[in-house]
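Open your viewer, set the cartoon display, and keep the selection box handy. We will walk from one stop to the next, and at each one I will tell you what to select and what is there.

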Amino acid sequence: MASRWLSAYRQICKSGFAAPAESGDNRAAALAGRSQGVGRSRPPPLAFSMKIRDQELLARLRALGSKVRGAARVAGGALAGGADDAVDLLGLPAQDLTPRVRSALGHLIEEMADLRAELTTAHTRLAELERLADEDSLAPINNRRAFLRDLARTIGYVERYGAACSLLYFDVNGLKTINDTHGHAAGDAALIHVAELLRANTRNSDVVGRLGGDEFGVLLTRADEANALNKASRLAQVIADTQFVWEGKPIAISVACGAHGLSAGEDGQVALAAADRAMYQQKRASGAGK
């Protein structure tokens, strides 16, 4: 953006809006010629000798940006208070601010405000797209892609610092029965119910994600496999003890869980498969079915 402003300012100078100051030798020669009536030339359209370097003017324009951003916009896109007010904030010598110079700078300042507004809008849209790309389509937690990315980062953390971290795997028992008995809307609500409980009962440093269908994962930092398994059991108990009501009817929800301690250099998919196996072992041992 800075180079764009400098280029625009220089273009104004080239097009006759601003004439560069004459050097000492050139000024003396010009005065001598004028005193003899020889070599007199018509002055440029705008006799303006800017006593300030391009970079300094650019710095002032950029410093003005915060003031321009804070100004309200009125109908037609003009700055509140007028471009002249913004030009005055530049602090340039009054004798240099001829009407045409003020107009040119005013256009530059308005363009700068427009560019900053467009950039802010672009950043907002980009943040929203990133959120949508990482968030599950149903529950307010990470989707599988985002969870696997965080799993890889956690494994890297284990490798770099030797910290104990673990992966939990959850499977909702009897979701098909809920769908068949109460409808798929009830099944979706049950999944959201589980996701919210997992998120509410884990730390901010932990990561909760939906791995697909009725399966969820949780990344625990600074927790070895034994502590992780204990945490998984407590989360499963919270889910079983928290009543889920659909259309006035309570529906029992339970989950099977498994835990796997992460190792340095481990492949994320391998770790996920190990946690999945641990979950199914617990499911078979408890006699729970889908």
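**Stop 1: helix 6 against helix 10**

Select Arg144, Phe147, Leu148, Leu151 and Ile155 in helix 6, then add Gly268, Gln269 and Leu272 in helix 10: these two groups meet each other. Please keep in mind that you are looking at a predicted model. Helix 6 covers residues 144-161, and its axis lies 9 Å from that of helix 10, at an angle of about 105°. That angle makes helix 6 roughly perpendicular to helix 10. Colour the contact by residue type and you will find five nonpolar residues, two polar ones and one charged.

**Stop 2: Ala275 in helix 10**

Stay on helix 10, which spans residues 268-286, and pick Ala275. Is Ala275 buried or exposed? Its relative accessibility is 0%, so Ala275 counts as buried. Show everything around Ala275: leaving aside residues up to four places away in sequence, Ala275 touches Leu167, Tyr169, Gly258 and His260. For a distance to check in the viewer, try the C-alpha atoms of Ala275 and Cys257, which are 8.6 Å apart, with their positions 18 residues apart along the chain.

**Stop 3: the sheet**

Now hide the helices and look at the strands. Four strands form an open sheet in the order 2-3-1-6, with antiparallel pairing. Which strands stand at the edges? They are strand 2 (207-212) and strand 6; each has a single partner strand, so one side of each has no neighbour in the sheet. On average, neighbouring strands here are turned by 20° against each other, direction ignored.

Go through the pairs one by one:

- Strand 1 (residues 166-172) with strand 6: antiparallel, over seven bridges. Select Ser166 and you will see Gly261 of strand 6 opposite.
- Strand 1 with strand 3 (residues 215-220): antiparallel, over six bridges. Here Leu167 has Leu219 in strand 3 as its bridge partner.
- Strand 2 with strand 3: antiparallel, joined by five bridges. Gly212 is matched with Glu215 in strand 3.

Zoom in on the connection between strand 2 and strand 3. These strands form a hairpin with two residues between them, and Gly213 in the turn has a positive phi of about 60°.

**Stop 4: the edge strands up close**

Select residues 255-261, which are strand 6. This strand is mostly covered, with seven of its seven residues buried. Show the side chains and follow how they alternate: Val255, Cys257, Ala259 and Gly261 point one way, while Ala256, Gly258 and His260 point the other way, and all are buried. Strand 2, at the other edge, is also mostly covered, with five of its six residues buried.

**Stop 5: Leu168 in strand 1**

Next, pick Leu168, which is found in strand 1. Leu168 has 0% relative accessibility and therefore counts as buried. Which residues surround it? Beyond those up to four places away in sequence, Leu168 touches Phe216, Gly217, Val218, Leu220, Ala228, Lys231, Ala232, Leu235, Gly258 and Ala259. The C-alpha atoms of Leu168 and Val208 are separated by 9.4 Å, although these residues are 40 apart along the chain.

**Stop 6: helices on the sheet**

Bring the helices back and select residues 225-241. This is helix 9, which lies across strand 1, strand 3 and strand 6 and runs at about 165° to strand 6.

Then move to residues 184-200, which are helix 8, and add helix 7 at residues 175-182: the two axes come within 6 Å and cross at roughly 140°. That crossing makes helix 7 oblique to helix 8. To see the contact, select Leu175, Ile178, Asn179 and His182 of helix 7 together with His184, Ala186, Gly187, Ala190 and Leu191 of helix 8. This group divides into five nonpolar and four polar residues, with no charged ones.

**Last stop: the whole chain**

Zoom out to the full protein chain, which has ten helices and six strands. Of its 290 residues, 40% count as buried. Switch on the surface: the accessible area comes to about 16,200 Å², and 52% of it belongs to carbon and sulfur atoms. Among contacts with a separation of 6 or more, 72% join residues 24 or more positions apart.

Methods:
Residues are numbered from 1 along each chain as its sequence is written. This is a predicted model: local features need pLDDT of at least 70, side-chain atom pairs count only at pLDDT 80 or more; totals for chains, interfaces and linings use all residues. Side-chain values use heavy atoms; hydrogens and water are left out. Buried means under 20% relative accessible area, exposed over 50%, partly exposed in between (1.4 Å probe, protein chains only). Two strands pair if DSSP finds at least two bridges between them. Contact means heavy atoms within 4.5 Å. Accessible areas come from the Shrake-Rupley method with a 1.4 Å probe; for residues, only the protein chains shown count as cover. Axes are lines fitted to C-alpha atoms, for helices over the stretch in contact, and angles run from 0 to 180 degrees between N-to-C directions. Angles under 35 degrees count as roughly parallel, over 145 as roughly antiparallel, 65 to 115 as roughly perpendicular and the rest as oblique. Ala, Val, Leu, Ile, Met, Phe, Trp, Tyr, Cys and Pro count as nonpolar, Asp, Glu, Lys and Arg as charged, and the others, Gly among them, as polar.
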